Amino acid sequence: MTGAVKRAFKFRFYPTDAQAAQLSRTFGCVRLVYNMALQARTEAWTLRRERINYNATSALLTAWKKTDDLAFLNEVSSVPLQQALRHLQTAFTNFWAKRAKYPRFKSRKRSRRSAEYTTSAFRWRDGTLTLAKMTEPLDVVWSRPLPQGCTPSTVTVSQDPAGRWFVSLLCDDTITPTPACGAVGIDAGLDSLLTLSTGEKIANPRHERADSKRLARAQRDLARKQKGSANRAKARIKLARIHARITDRRHDHLHKLTTRLVRETQTIVIEDLAVRNMVKNHRLARAISDAAWRQLRTMLEYKTAWHGRTLIAVDRWFPSTRLCSTCGALAQPMPLGVREWTCPCGAVHDRDVNAARNILAAGLAVTACGDDVRPQRGTSRTGQSSARQEHPRATKGIPVL
Ligand SMILES: [Zn+2]
């Protein structure tokens, strides 16, 4: 349950012009190899009903590098290209296990620009990091210390849409378990980020409202610029910068919060909001809060596993808002604007606190019944489905701290 864990540490770095050019080329080659291998696998299956595995795509890569047209693949480190094929393999494994949709091509504009290096493709010496095909070490801003004696096993270099460079180091770390007791239910809201069953309300990060306004304005500006123009490119970078600032602050906020919750509490109950339905909502505030909710869940998944806590997800169709947490009576549906309501039993409820209490009760019912449902949904006696997660999916989130 606890002890040795893999943990990623992410830092900014400032490449030299030569390094930036080399990395950009690597990102391009990674994308190309991924797309070509995906195409080969798709064709083999649709035309010949043949399944191509990782080894076969690896052999294809070797052949591609020998052709004149693709000889430029030799100019970048071969490891990130191999890793791209491994990532594609994982995407197919997830697809076959029905955990994900069919893999999609990586797009030049929309896909994450990143490259993954394993131990044979970087040198880690005296706290400096040098990547394959580079002479100088990366100029990394070590904003926090790595764990004592940490040697990274994988290094991932990426560039975000705002143009910032990051390096993420995957290290072995140990966690010393500490005892905790009690249980807490968490409700996600729009007004306050989260409400706990204890009555505590956790606000959105400071400045977020102002930043959201700026974001909306930047989006309008971008929409007005002519396609392909230099001004449009500028507007896009500006938009990406504001986006990056909002998500960074959120990330920070959620890390502090989840660490505190996991330290203090043994059992944490959340609502199992279906991610796929949420993304369809295009309203800005909603989209941001949905993203935060997914992050919160991922963080809780690995942090509860690290610390030997229990995370329970109860079904979203459970009428958590209008069920009286005191007497169990079901009130009439109420509009979103209603923040407080009174039950015929006399209890006065804050809408969100009441919801959080109901979520907690539903989660505890799951543990009491010994209803050990796997992450896919099951239906319990009360008609609400629930999922108890003590071992979250290993594929999800090598955590970034
Ligand atoms: Zn009541």
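Start by selecting Asp 252, which is partly exposed at 44% relative accessibility. Keep in mind as you click around that this is a predicted model. Now add Lys 256 to your selection: the two form a salt bridge, and their closest N and O atoms are 3.5 Å apart. Why might two such side chains pair up? Side chains of opposite charge can do so when their charged atoms come close. Both Lys 256 and Asp 252 sit in helix 5 (residues 230-264), four residues apart, which is about one turn of the helix. Lys 256 is exposed, with a relative accessible area of 59%.

**Next stop: helix 7**

Select Glu 301 and Arg 297. Here is another salt bridge, with the closest N and O atoms 3.2 Å apart. This pair also lies four residues apart in one helix, about one turn along helix 7 (residues 284-307). Are these two buried or exposed? Glu 301 is buried, with a relative accessible area of 4%, and Arg 297 is buried too, at 14%. Both values fall under the 20% cut-off for calling a residue buried.

**More charged pairs**

Jump to Glu 50 and Arg 48. Their closest N and O atoms are 3.3 Å apart, and they form a salt bridge. Glu 50 is partly exposed at 36% relative accessibility, and Arg 48 is partly exposed at 49%.

Now pick Lys 201, Arg 339, Asp 350 and Asp 352 together. These four are linked in a network of salt bridges. How many salt bridges does a search of the whole structure find? The count is 17.

**Over to the zinc**

Click on the zinc ion and show the side chains of Cys 324, Cys 327, Cys 343 and Cys 345. Their SG atoms coordinate the zinc ion at 2.2 to 2.3 Å. The four donor atoms subtend angles of 105 to 115° around the zinc ion, so the arrangement is tetrahedral. Along the chain, the donors follow the spacing C-x2-C-x15-C-x1-C.

Zoom in on two of these cysteines. Cys 327 lies in the loop between strand 11 (310-315) and strand 12 (340-342), and Cys 343 is in the loop between strand 12 and strand 13 (348-350), so the pair ties together parts that are 16 residues apart in sequence. Switch on a surface and have a look: Cys 327 is partly exposed, with a relative accessible area of 44%, whereas Cys 343 is buried at 5%.

**Into the nonpolar core**

Hide the surface and select Leu 23, Tyr 117, Leu 131, Val 155, Val 157 and Val 167. Out of the 42 residues in the largest nonpolar core, these touch the most other members. Several elements give two or more residues to this core, including helix 2 (54-66), helix 3 (78-96), strand 2 (113-118) and strand 5 (154-159). Which element gives the largest share? That is helix 1, with nine residues.

Stay with Val 167 for a moment and show what surrounds this residue. Leaving aside residues up to four places away in sequence, Val 167 touches Phe 9, Lys 10, Phe 11, Phe 13, Leu 129, Val 140, Val 155, Thr 156 and Val 157.

For a last selection, try Val 5, Ile 186, Ile 270 and Ala 292. They are among the 23 residues of another core, which lies apart from the largest one.

Technical notes
Residues numbered from 1 in each chain as written. Predicted model: local features only at pLDDT ≥ 70, side-chain atom pairs only at ≥ 80, totals over all residues. Heavy atoms only, no water. Donors = N, O, S within 2.8 Å, 3.2 Å for Na, K, Ca; no water. Tetrahedral: all angles 85-135°; square planar, octahedral: opposite > 155°, others 65-115°. Buried < 20%, exposed > 50% of the residue type's maximum accessible area, 1.4 Å probe, protein only. Core = buried A, V, L, I, M, F, W, Y, C linked by side-chain atoms within 4.5 Å. Contact = heavy atoms within 4.5 Å. Salt bridge = Lys/Arg side-chain N within 4 Å of Asp/Glu carboxyl O.
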